[in-house]
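Please read the following briefing alongside the sequence and the coordinates. The points are grouped by topic.

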Number of protein chains: 2
Amino acid sequence: MKQYQLFELEFHGAEPEGSRAVIDMEAVFTWKSARTGEQKSKKVKGFYDGNHVYKVRFLPEEAGEYQWQVTGCFREEGCENCEPAKEYDKGIIRANGIRFEYSDGTAFLPVGTTIYALAHQEEKQIAQTMETLKTAPFNKVRHCVFPKYYEYNHNDPRLYAFEKDTDGNWDVNRPCFEFWKHLENVIFRLAAQGIQSDLILFHPYDKWGFSILSMEQCRIYLDYLLRRLAAIPEIWWSMANEFDLMYARTMDEWYEIEEFIAANDPYHHLLSNHNCFSFYDFTRPNITHCCVQTTQLESAAMWLEKYQKPLIYDECCYEGNLPMSWGNLSGFEMANKFWQACVPGAYASHGEVFLDENEVLWWSKGGMLKGSSPERITFLKGILEELPGTLEPWKQKQWELPDQGLMSKAPEDFFKKLYDGMPKEQQESMREKDGICCGHVGDQVFLEYFGRRCCGMVRWILPEDHTYRIEMIDIWEMTRKVVYRGVKGKFAPVLPGKEGIALMAVAEF
Amino acid sequence: MKQYQLFELEFHGAEPEGSRAVIDMEAVFTWKSARTGEQKSKKVKGFYDGNHVYKVRFLPEEAGEYQWQVTGCFREEGCENCEPAKEYDKGIIRANGIRFEYSDGTAFLPVGTTIYALAHQEEKQIAQTMETLKTAPFNKVRHCVFPKYYEYNHNDPRLYAFEKDTDGNWDVNRPCFEFWKHLENVIFRLAAQGIQSDLILFHPYDKWGFSILSMEQCRIYLDYLLRRLAAIPEIWWSMANEFDLMYARTMDEWYEIEEFIAANDPYHHLLSNHNCFSFYDFTRPNITHCCVQTTQLESAAMWLEKYQKPLIYDECCYEGNLPMSWGNLSGFEMANKFWQACVPGAYASHGEVFLDENEVLWWSKGGMLKGSSPERITFLKGILEELPGTLEPWKQKQWELPDQGLMSKAPEDFFKKLYDGMPKEQQESMREKDGICCGHVGDQVFLEYFGRRCCGMVRWILPEDHTYRIEMIDIWEMTRKVVYRGVKGKFAPVLPGKEGIALMAVAEF
C-alpha cells in the first residue's frame, strides 16, 4: 500500500446471483492518522470484475498502518503498511477557495483539452494520442464513459459499458468487464503521463440509448462506476457534457445524480456539471468547481467572486476550421481565450477540430495536434507555473483623471445606474468592452492581459512599498522582455499597440 | 433657385429688439407640384445674421414656379423659377424602410466617420482634414455644434455658438454670428466633397456650460439653429452624442427636444439620438433611424427586424492605441466591425485615436489618417456600391443534417426554450457565438461574412432557379476571387480557414 496510490484487494468466488453491478461487498479500512493521532476509518464498496474475480479498491491518503475488513459476500480481513508518498506523488486534487490543490497543498493549474470519445477509438489511435500528449501542455482531458454519435463521429466502438439482455436492451446489471478494464487502462495511461481524467458520466450525443437510461438504470451504472473507479486519484467527475441538452432528464433528476455521486464517492473527487445554455447551479455544496461552456471570458473575475470556487472554461469554442460556430477559432483566438481565463485566476480547456478526410478530429478522437494554440498554451503554462502563487482577480485602481469639466459633477452612482438600467441582454457587450483582464499574486505579481486591445500606453497603479520589474509578454510571438525596472506607484508603460500583449509586474527584492 | 439647393433671401433692417435668435419673420413658399399638379406650400422662419442682415432660407425639393411671401418684421414677396436638379444632385437623404434614399430614390450607403470637434479647430487643421477626406471613404461626418472638453481636447475654440451677457453667462438670445457662419462653412465644405454632416446638437463633454443649459435656453438655441441650418440638404440631426451621460437632462426633456426639432424642421431631416449605455427609443415616430453605440454587432439583423428603420453603428469603438477600452481597435477589427454591420444591411461609423504628442486625434480634431482600416472600408464600400440593390438580412436555410441519433427526438422548441431560459445577461455570448452575418439583395446576391471564424468549409443553400458565381473576398488583403461558377441549391464551398473572409454569390444571367 502506498500513500496516494490505488490499493486493490482481489478475491475469487462464484458468479454473483442477480446484479453483477450492485453486489453485497463492503470493506472498512481503519488507521491512525500520523498527522493528528486520531483513529480513522473509511468504508468502501467492492465490485465484481467478471471471471469470478471480486475486487475492493481503496485510496490511502495518509501513510501508516491500515487494517481492513471485508464483509458481505466475502468475509476477510488483513493489514497493510502504507508507505509515505514520494515527493512527486502529490495526491488527489481538490478545490480550496478559487484554486485547485493536491493533497499535499501544491497548487494544480488545470490546462485542459477535450477528447470526448478517446476511450472509444482503436488502440492504434489511442496510442498515437498518448504520444501526442507527451509533448502537449495538457494536464486534464475531458473524456466520456459512453461513446459519441455526432458529425465526424460515426464509428461504433468495439466495447460498451454494459452487455445487452436477450431483448437487445442494455442490461446495466451486467457491466461489460472488458470495457471497464479498457476505460481504466486509458485513465491509467493518462495518469502515468500526469494527466487528470475529467470523466464525463453522461452526454446527449447518442444513438445507443445511454442518454435515455431510466433513473433506476443510472443509479446502478453510477454505483458500479464509483465502486470501481473512485479509488483512482487522477479522476474528476463531470456529471455530464451539456447536461441541459439531455431532454429526457429533469433538473430534479440531475440533483439526484449529483447527490448519489457525492454520497457514494468515499473520496469526494472534484465534481461539476457542464452546460450548453444555462450553467448548472454551482452554489450547491456538492459542486466543487464551476465548469462552464461559454464565450463570456470577460466575466471570469465576476464569477470567481460570485461562486468562490475554481472556474474552468471547459468549453469556449475550439481551434479549427469547421463550419459550426463553435469550431473555427484561429490559433491566436484559442490562446487569447486561455489568457483571458487564466490571468484573473480561472482556467480554460482547449479543443481542436480541423476538417479531416478520415474524420479524425482531436476534440473527440485524439490523434495528432495540428493547431498553433498548444505551443502558445505551453508558453502561458510556463509563466503561470513560475509565479510564486496562484492568480486571483486584481481590482485595479484607476488613475484619477485631471479636470473632467462638468462631467465631474455627475451624481454619485450615475454610471452604475446607467449600467443597471441597460437591457440585461446588452450589458454583456458593455462588460466586454470595458472589462479589464488582470490578476495578482499578493503584492508580488501583478498581471494584465490586453487581449485584442492595441494599447500604445496604459495606466497602472502599483503598490508604493515595493519596486517592480515590468515584463512585456507577447502571447503569439511567445516572447518576454523586461521593459522597466524599479517601478512603483503610478506609472504609464508604453506598449507596442498590437493584439496579444500582457504586462507583468514582479516585485524586486 | 435650384432644386435640392439652398435658396436664400436677404433683407436689411434695424437690429432686432429683444432676442436676436427668435425673431418675428416667416416666409411662405407656394408652388405647383410638377409631379402631381397639386398646389403646395411650405412655411419657414427667417433668422437674423447680424450686421442688420436678415435671411430666409428655403430648400426647394421640386422644380417649377415658386411664389414667396415674407411676413413679420419684413413684408415682401416675389417669385422664382426653380431649375430642375442636375443628375448628380440627388436631394436630401431620408429613410425608407431599413435603407437611406436621396429624394430621387437613389440609395445612400452611409460610411461614417467621427470628428467631434471639427468646427472648433483652427483653419489650418480644418483644411488638412478636408484634404484628408478627399481620398477617404467617408460620406458622413459626425461633428458637434458645441466644443468638446475631454482628454486630448484641451484647446479652447476661437468662437462659441453664443455671446456672453454682462455677467459672463451664455446669452442664447445673442447668437455669435461669426460662429454660425464658420460652422455653416464647415458643413458646406463637407457637402461640396459629398459628405453629410451628422450634426450633434448636444453632448456631455463640456466645461463651458452648454450641457447644462435650461430647457428654455435649449429651445431658443434649437429655434435659431433650425431657422438657419434646416435648408441645408446635407445635414442630419443627431440630438446628442451619448445623450444619457447628460445628467442634467430628463427623458421627458429629451422627448421635448425631439418634438421641438420635428415640429420646427420644415424638411424633416434625418433625426436620431446617440447613446452611451441604453439606446434612445427608436420606435418613436419622429426618429428616422437607429443610431447606436454598442459593440453588439451580431444583433444587427435582430434590430433591423425589430425597428424596421435604418441602423447605424455610429460608435462601435475606434481604431487606435489609447489606454481606454473604446480606443484601441486594430485596423482589422475596425474593418471587421464594418463588415459585420454592413453585410446584413446596417451601417457603421469609423473613428481613429492614435496617441499624438500634439493631441491631434482624428476622432475629435481631424488631421491626417494613420490607421489601416480606411483603405479596407473603401474596399467594402466599393463592393456595396456595385450591388444591384441594398442588402437586407438573409435568413439562411440550414442544411438538414443526416441522422442526429437520439438528439433528433428532442421536443419541438427545445432549443428555443433553453435559450429563453438563459440568464438574459448571458444570452449575448450565445447570440454572438451562433450568430451568422449574412445579407442578400433579392435573389441576385447572397453574401455571408465569417468574421473571425476560420472556416475551411461552409454549408449554403442557394435558390434552385438561378445559377450563381461565387466570389471569395478577403477583407484584409482586399482581394476578390471567383472560386465557383454555375452553382445553385445546396453546396459546400471550400474556404481558406482564416479570419476576415466573406463569400458572395452573384446570380449569373
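**Rings, charges, one helix and the symmetry of two chains**

In chain A, the charged end of Arg284(A) sits over the ring of Tyr255(A), at 3.7 Å from the centre of that ring. This is a predicted model, and the points below take up the aromatic pairs, a helix of chain B, the relation between the chains and two backbone angles.

**Aromatic pairs and charges over rings**

- Over all chains, a search of the whole structure finds 113 aromatic pairs.
- One of them is formed by Trp180(A) and Tyr224(A), which meet edge-to-face with 5.6 Å from centre to centre and 70 degrees between the planes.
- This pair links distant parts of the chain, since Trp180(A) belongs to helix α2 (residues 177-192) of chain A and Tyr224(A) to helix α3 (residues 215-229) of chain A, 44 residues apart.
- Both partners, Trp180(A) and Tyr224(A), are buried.
- Tyr255(A) and Tyr280(A) form an aromatic pair that is tilted, with the centres 5.8 Å apart and 55 degrees between the planes.
- The partners of this pair also come from distant parts of the chain, 25 residues apart: Tyr255(A) lies in helix α4 (residues 251-264) of chain A, whereas Tyr280(A) lies in the loop between β16 (271-272) and β17 (290-293) of chain A.
- Tyr280(A) counts as buried because its relative accessibility is 1%, and the ring of its partner Tyr255(A) is the one that has the charged end of Arg284(A) over it.
- In chain B, Lys140(B) lies over the face of Trp236(B), at 5.3 Å from the ring centre.

**Helix α1 of chain B**

- Helix α1 of chain B, residues 123-134, has 12 residues and reaches 17 Å from its first C-alpha to its last, which is close to the 16 Å expected at 1.5 Å a residue.
- The buried residues in α1(B) are Gln125(B), Ile126(B), Thr129(B), Met130(B), Thr132(B) and Leu133(B).
- Seen down the axis of α1(B), these buried residues fall within an arc of 160 degrees, and they therefore line one face of the helix.
- On the face of α1(B) turned away from that buried side are the exposed residues Lys124(B) and Lys134(B).
- The cover over the buried residues of α1(B) includes β10 (111-114), β11 (140-144), α2 (177-192) and α7 (362-365) of chain B.

**Relation between the two chains**

- A turn of 180 degrees, with a shift of 0.0 Å along the axis, lays chain B on chain A with an RMSD of 0.0 Å.
- The two copies are thus related as by a two-fold rotation axis.
- Among the residues of chain B, Glu425(B) comes closest to the rotation axis, with its C-alpha at 2.3 Å.
- The copies meet through the same surface, because 100% of the interface residues of chain B are also interface residues in chain A.

**Positive phi in residues other than glycine**

- Glu359(A) is a residue other than glycine with a positive phi, near 60 degrees, and Glu359(A) lies in the loop between β21 (352-353) and α7 (362-365) of chain A.
- With a relative accessible area of 24%, Glu359(A) is partly exposed.
- His268(B), likewise a residue other than glycine, has a positive phi near 50 degrees, and His268(B) is placed in the loop between α4 (251-264) and β16 (271-272) of chain B.
- His268(B) is partly exposed, with a relative accessible area of 48%.

Methods. Residues numbered from 1 in each chain as written. Chains lettered and ligands numbered in written order. Predicted model: local features only at pLDDT ≥ 70, side-chain atom pairs only at ≥ 80, totals over all residues. Heavy atoms only, no water. Helix = DSSP H or I, 4+ residues; strand = E, 2+ residues; numbered from the N terminus. Expected span 1.5 Å × (residues − 1). Buried < 20%, exposed > 50% of the residue type's maximum accessible area, 1.4 Å probe, protein only. Arc of directions from axis to C-beta. Contact = heavy atoms within 4.5 Å. Least-squares fit on C-alpha atoms with pLDDT ≥ 70 in both. Phe/Tyr/Trp six-rings, centres within 6.5 Å; stacked < 30°, edge-to-face > 60°. Lys NZ or Arg CZ within 6 Å of the ring centre and 35° of its normal.
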